[in-house]
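Please walk me through this protein from its overall fold down to single side chains. I would like the explanation in plain paragraphs.

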Amino acid sequence: LWGGSRWDTARRPLCFSYPGISAFVEVWSSNRTENYSKTFEQQLLDMGAKVSKTLNKHVTHVVFKDGRLTTWTKAQKMGVK
């Protein structure tokens with residue numbers, strides 16, 4: 001899946017391309033001392049997704065772990081995946 005002709009010109013694997021996805025990311029360590037959001041944001045960008053700096057009406061997906069309760073509540077009310 002990762003070698004040869006399966007790569008496009010941007011060096012993304014074709015089988016993991018996510019055009020049309022707009023994600024908001026809030027990922028923290030369980031003790032809330034380390035913010036890992038940038039790592040996940042970069043992975044999403046590498047796969048062709050868009051990443052939003054804010055949780056807004058254009059966001060289709062949320063990547064969340066141990067973040068703020070207000071973010072989780074808003075994402076649930078918005079019905080995002």
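Helices and strands are DSSP runs, of at least four residues for a helix and at least two for a strand, and they are numbered from the N terminus. With these terms, the place of D66 can be given as the loop between strand 3 and helix 2, which covers residues 69-78. The model shown is a predicted one.

The protein contains 2 helices and 3 strands. Read from the N terminus, the order of these elements is β-α-β-β-α. Strand 1 covers residues 22-27 and helix 1 covers residues 37-46. Strand 2 takes in residues 50-52, and strand 3 takes in residues 61-65.

Some totals describe the chain as a whole. It has 81 residues, and 25% of them count as buried. The accessible surface is about 5,800 Å², with 57% of it belonging to carbon and sulfur atoms. Among contacts between residues at least 6 apart in sequence, 50% join residues at least 24 apart.

Next comes the interior. In soluble globular proteins, nonpolar side chains tend to be buried together. Here, the largest nonpolar core consists of 6 residues, namely F24, L55, V59, V62, A75 and V80. Apart from this core lies another, of 5 residues, including A23, V27, L44 and A49. F24, a member of the largest core, touches many parts of the chain beyond its neighbours within four places in sequence: S52, K53, T54, L55, V59, H61, V62, V63 and T71.

Which element holds S52? S52 belongs to strand 2. Because its relative accessibility is 11%, and buried means under 20%, S52 counts as buried. Not counting residues up to four places away in sequence, S52 touches S22, A23, F24 and V59. A polar atom of the S52 side chain also lies 2.5 Å from the backbone oxygen of T54.

Is E26 buried or exposed? E26 has a relative accessible area of 5%, so it is buried. This residue is found in strand 1. The side chain of E26 reaches the backbone nitrogen of R68 at 2.5 Å, and it makes a polar contact with the side chain of T71 at 2.8 Å. When neighbours within four places in sequence are left aside, the residues in contact with E26 are S37, V63, F64, K65, G67, R68 and T71.

One of those contacts of E26, F64, also takes part in a ring pair. A search of the whole structure finds 1 aromatic pair. The ring centres of F64 and W72 are 5.2 Å apart and the ring planes stand at 35°, so the pair is tilted. F64 is partly exposed, with a relative accessible area of 25%. W72 is partly exposed as well, at 40% relative accessibility.

The loops can now be taken in turn. The loop between strand 1 and helix 1 holds R32 and T33. R32 has a positive phi of about 60° although it is not a glycine. R32 also lies over the face of W28, at 4.7 Å from the ring centre. Its relative accessibility is 38%, so R32 counts as partly exposed. T33 has a relative accessible area of 52%; exposed means over 50%, so T33 is exposed. The side chain of T33 makes a polar contact, at 2.8 Å, with the side chain of N31.

The loop between strand 2 and strand 3 contains H58. With a relative accessibility of 57%, H58 counts as exposed. The C-alpha atom of H58 is separated by 9.9 Å from that of V80, a residue 22 places away along the chain. V80 is one of the members of the largest nonpolar core.

The last loop to visit is the one between strand 3 and helix 2, where D66 lies. What is the phi of D66? D66 has a positive phi of about 50°, although it is not a glycine. At 31% relative accessibility, D66 counts as partly exposed.

Terms used:
Residues numbered from 1 in each chain as written. Predicted model: local features only at pLDDT ≥ 70, side-chain atom pairs only at ≥ 80, totals over all residues. Heavy atoms only, no water. Buried < 20%, exposed > 50% of the residue type's maximum accessible area, 1.4 Å probe, protein only. Polar contact = N/O pair within 3.5 Å; in protein donor to acceptor, adjacent residues only side chain to side chain. Contact = heavy atoms within 4.5 Å. Phe/Tyr/Trp six-rings, centres within 6.5 Å; stacked < 30°, edge-to-face > 60°. Lys NZ or Arg CZ within 6 Å of the ring centre and 35° of its normal. Core = buried A, V, L, I, M, F, W, Y, C linked by side-chain atoms within 4.5 Å. Areas by Shrake-Rupley, 256 points an atom, 1.4 Å probe, with all protein chains shown as cover.
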